[in-house]
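Hi,

Here is the structure I said I would pass on to you. Have a look at it first, and then read on for what turned up in it.

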Amino acid sequence: MEEKTAAGITGKTWPDVSLEPSTKEFGERIRLDPPVCGLPAFRVQPELLYNAIRFLKENKAYRFNQLTDVTCVDHLQNGQAPARFEIIYNFHSLPTSARLILKSWIAEDDATVDSIHSLYKNANWLEREIFDQYGLRFKGHPNMKRILNHKEFVGHPLRKDYPISKGQWLSEADDLLDELEIRHRLDPKDDDGDRERMTLNLGPSHPAAHGTLRNMVELSGETILYCIPEIGYLHRGFEKNAETHCYNMVIPYTDRLNYCSAIMNNVGYVKAVERLLNIEVPERCRYIRVIMCELSRIMDHLVANGANLVDLGALTNYWYLFSLREKIYNVLEEQTGARLTNSYTRVGGVWADVNENFEPSVRQILKDVPRHVNDSLKLVARNRIFLDRTVGVGAISAEDAVSFGYTGPCLRAAGVDWDLRKVQPYYHYDEFDFDIPVGERGDTYDRIMVRFEEMFQSCRIIAQALDRMPDGPVNIADRRYILPPKEEVYSSIEGMVSHFNLVMRGVRPPAGDVYDATEAANGELGFYIVSDGSQNPYKCHVRPPCFHIYSSFPTLAEGGMIADAIAILGSLNIIAGELDR
Amino acid sequence: MRFLHPTPGLSGIPQEDAEARSREILQRARIYGEDRTLTDQMMLTRLDSVVNWGRKNSLWPFIFGTACCAIEFMAVAASHFDISRFGAELIRWSPRQADMMIVGGTVSYKQAPILRRIYQQMADPKWVIAMGACAASGGFYDDYCTVQGVDKIIPVDLYIAGCPPRPEAILGAIRELQIRLERQPVRV
Ligand code: SF4
């Protein structure tokens, strides 16, 4: 494991995980699997899954208290696979910062797995997604229902035998009353004789429902008793599209995950592919990626806070913050050619080196950020209305936040000092001097303020990166991954052949799995890629931070007022592109 | 005497006729000695022109923003590009108060019935702009969940190319719609 990660991109490797305690408990039925690009992996028999996972969570030696992700692979086209489906759990331990992958084979005919929703709160939605996309059923799940596709959809689109372009029309939107019924049934204190209840539909086209989020709420007066979120209105089939495009062609699709900070998605994706290929990008490229990512983080937080404050009635902030965003747009446009969807990175480097205007214009941005942000902060930081509407509203405890799979600013607002840039640093983040802002109460106020503070911290990182950015190439020299320069293509046979090969056959990583994550604006953005050695990913799964965070929305909103729900929703910064993929 | 936006030939009255008629009215007014009052206080025009003039300068957009394109629309609404220069800044979130729908973003099959319903809730006259590749044609999402262009479910007046379109393109589309509005007869 050591040599693999030593050559990997991440400076600091994940701690080793020993199999021993679990062998003591389960014997031969749990065993070590080949590591997933340096990440330790166990394999377990399907009937053991629930017990093994509970053991991993509760045992002192492991303490895997966060479920990072669950996904599934359909091995229909893989002749050697012992069963059709492979379910893959991805765990993370905040106390030890260890990670672990747990895999299990599931045969098609008994495609049923024990649900772990009682162990991890985010498992509820994750399992529903697998049911929706692959048709695996989870035993004991309270609400085994489609989540991304609509209720009249027939079949499971991510199965390899489902044709990609076979669309299915929906005649009428779901009324969600069945889910409300389930909530009523599960809640023992439900029948309180309140006959004044009203159900109200919010979204998916609603001024404060940023994008396409929908909630069905049951109200008593203005108080929300139950809240049923429905997602999937912006499900665009990222994973299926990735399976039919070659590795570099997936990059534009990643732009459209979290479209408020497109470059961070580009970087997250290519970093995973590079890990799979075991290549390291040149120094200059890393610094450029860091600067671009931090600029994007600032842009993302500007939109998040700007829009959130608009929902609270503070429109002026939006003008202040968005005009700063416009300035950053200008810099990105000059360097990447696009304002919003930049598609800037390539496997093995970036599209093009930055030009001579880059440094002065970024330095100018560094001067502009504090000015605009402070203007906005002056309007809100001690504003009585703002405080009344945010302090103590939608608070979540650190323990719940971890269980819901929170990462990023929302987790930090709940008081957990955890940032991938610090705990598992990549691209020299360990060499930069910056702080991680942490909240106390995990409420709306903390979430907004953590974002404001992170913008200042990003500026510190950018300034240091600019100072240290070396000269040199931005792309690796390996012609298997990076196109040769035009002169070479036209004047030498080697150049022409490698150009032809890369264009016609694309990048071909060796067969294997990889999971890699970066700290994106909303939290841990992970990519789980399975390669079968061909030019397209066999599977490319995204672990979006929003999906996990949004699954906790009912917990935050219930018991509050409708107006609070709006404030909370804004502060979670749910980006539909990333939520529904 | 001033003619407000004389647009020839569209409401059935040829330009010359309209001018001749107003000359006639003026003539009659002179006979009755009310010349001054009339020229100072009255404007003669066609209903089409004056209604269209009002409509085109106060388009009330409804943003059906689902995805990345909606973020670019935010830029259009913000201070730098400033959509209010074209009289279309009063962004309504209720279809009943809007007359220009801008579909900005990918529309999935799950979303389709909702888009259709919202379109039907808008009062006539109404116009639809399909902003960006996704709304126009499904964009590069040729897959199991994306409607291949919103014109499959609602009528579209204008398409804007781009992924996402630049803010200038959106403003250009609004201008284009305004020019069309000038020419169109008032529907009854
Ligand atoms: S056209 Fe492009 S930018 Fe617009 S919604 Fe579609 S993918 Fe996003």
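Before we get to the ligand, you need one definition: helices are DSSP runs (H or I) of at least four residues, strands are runs (E) of at least two, and both are numbered from the N terminus. Also keep in mind that this is a predicted model.

**The ligand site**

With that in hand, which helix gives the most to the shell around the ligand? That would be H6 of chain B, with three residues. The elements that give two or more residues to this shell are helix H4 (68-77) and helix H6 (132-137), which belong to chain B.

There are 14 residues around the ligand, and the ones that come nearest are B:Cys68, B:Cys69, B:Ala133, B:Cys134 and B:Cys163. By character, the shell splits into eight nonpolar residues, four polar ones and two charged ones. Don't look at chain B alone here, though: the site is shared between chains, because the residues that surround the ligand come from chains A and B. And if you go looking for the largest cavity, you will find that it is the space taken by the ligand.

**Chain B as a whole**

If you trace chain B, you should count seven helices and four strands. Their order along the sequence is α-α-α-β-α-β-α-β-α-β-α. The chain has 188 residues, and 52% of them are buried.

Chain B also has a couple of cis peptide bonds for you to find. One runs from B:Asp124 to B:Pro125, with omega near -10°. B:Pro125 belongs to the loop that joins helix H5 (112-121) to strand S3 (127-131) in chain B. Another cis bond goes from B:Cys163 to B:Pro164, again with omega near -10°. You met B:Cys163 above, among the residues that come nearest to the ligand. As for B:Pro164, look in the loop between strand S4 (158-160) and helix H7 (167-183) of chain B.

**Aromatic rings**

Now for the rings. A pair of aromatic rings is described by the distance of the centres and the angle of the planes. How many aromatic pairs does the structure hold over all chains? The total is 26.

One to look up is A:Trp125 with A:Phe547, an edge-to-face pair with 5.7 Å from centre to centre and 65° between the planes. This pair links distant parts of the chain: A:Trp125 is in helix H4 (residues 123-134) of chain A and A:Phe547 is in helix H19 (residues 545-550) of chain A, 422 residues apart. Both A:Trp125 and A:Phe547 are buried. A:Phe547 has a charged partner too: the charged end of A:Arg581 sits over its ring, 5.1 Å from the centre. You can see a similar arrangement at A:Tyr329, where the charged end of A:Arg339 sits over the ring at 4.3 Å from its centre.

Another edge-to-face pair is A:Tyr426 with A:Tyr429, at 5.1 Å centre to centre and with 75° between the planes. Are these two tyrosines buried or exposed? The cut-off for buried is under 20% relative accessible area. A:Tyr426 has 5% relative accessibility, so it counts as buried. A:Tyr429 has 2%, so A:Tyr429 counts as buried as well.

There is also an aromatic cluster in chain A, formed by A:Phe42, A:Phe55, A:Tyr62, A:Phe64, A:Tyr89, A:Phe91 and A:Tyr120.

**Two backbone oddities in chain A**

Which residues other than glycine have a positive phi? A:His428 is one of them, with phi near 65°. You will find A:His428 in the loop between helix H15 (420-423) and helix H16 (444-468) of chain A. Its relative accessibility is 11%, so A:His428 counts as buried.

A:Asn573 is another, with a phi of about 50°. Its loop lies between helix H21 (562-572) and helix H22 (576-580) of chain A. A:Asn573 counts as buried because its relative accessibility is 7%.

**One last residue**

Finally, find A:Ile263 in helix H8 (residues 262-277) of chain A. A:Ile263 is buried, as its relative accessible area is 1%. Its C-alpha atom and that of A:Leu569 are separated by 24 Å, and the two residues are 306 residues apart along the chain.

Have fun exploring!

Definitions and conventions. Residues are numbered from 1 along each chain as its sequence is written. Chains are lettered from A and ligands numbered from 1 in the order in which they are written. This is a predicted model: local features need pLDDT of at least 70, side-chain atom pairs count only at pLDDT 80 or more; totals for chains, interfaces and linings use all residues. Side-chain values use heavy atoms; hydrogens and water are left out. Rings of Phe, Tyr and Trp (its six-membered ring) pair if their centres lie within 6.5 Å; planes under 30 degrees apart count as stacked, over 60 as edge-to-face and the rest as tilted. Buried means under 20% relative accessible area, exposed over 50%, partly exposed in between (1.4 Å probe, protein chains only). A charge sits over a ring if NZ of Lys or CZ of Arg is within 6 Å of the ring centre and within 35 degrees of the ring normal. A residue is near a molecule or strand if one of its heavy atoms lies within 4 Å of it. On a 1 Å grid over the protein atoms alone, a cavity is a set of points where a 1.4 Å probe fits but cannot get out, and a pocket is an open set with protein on both sides within 12 Å along at least five of seven lines; lining residues have an atom within 4 Å of a point. A molecule sits in a cavity or pocket if more than half of its atoms lie within 2 Å of its grid points. Ala, Val, Leu, Ile, Met, Phe, Trp, Tyr, Cys and Pro count as nonpolar, Asp, Glu, Lys and Arg as charged, and the others, Gly among them, as polar.
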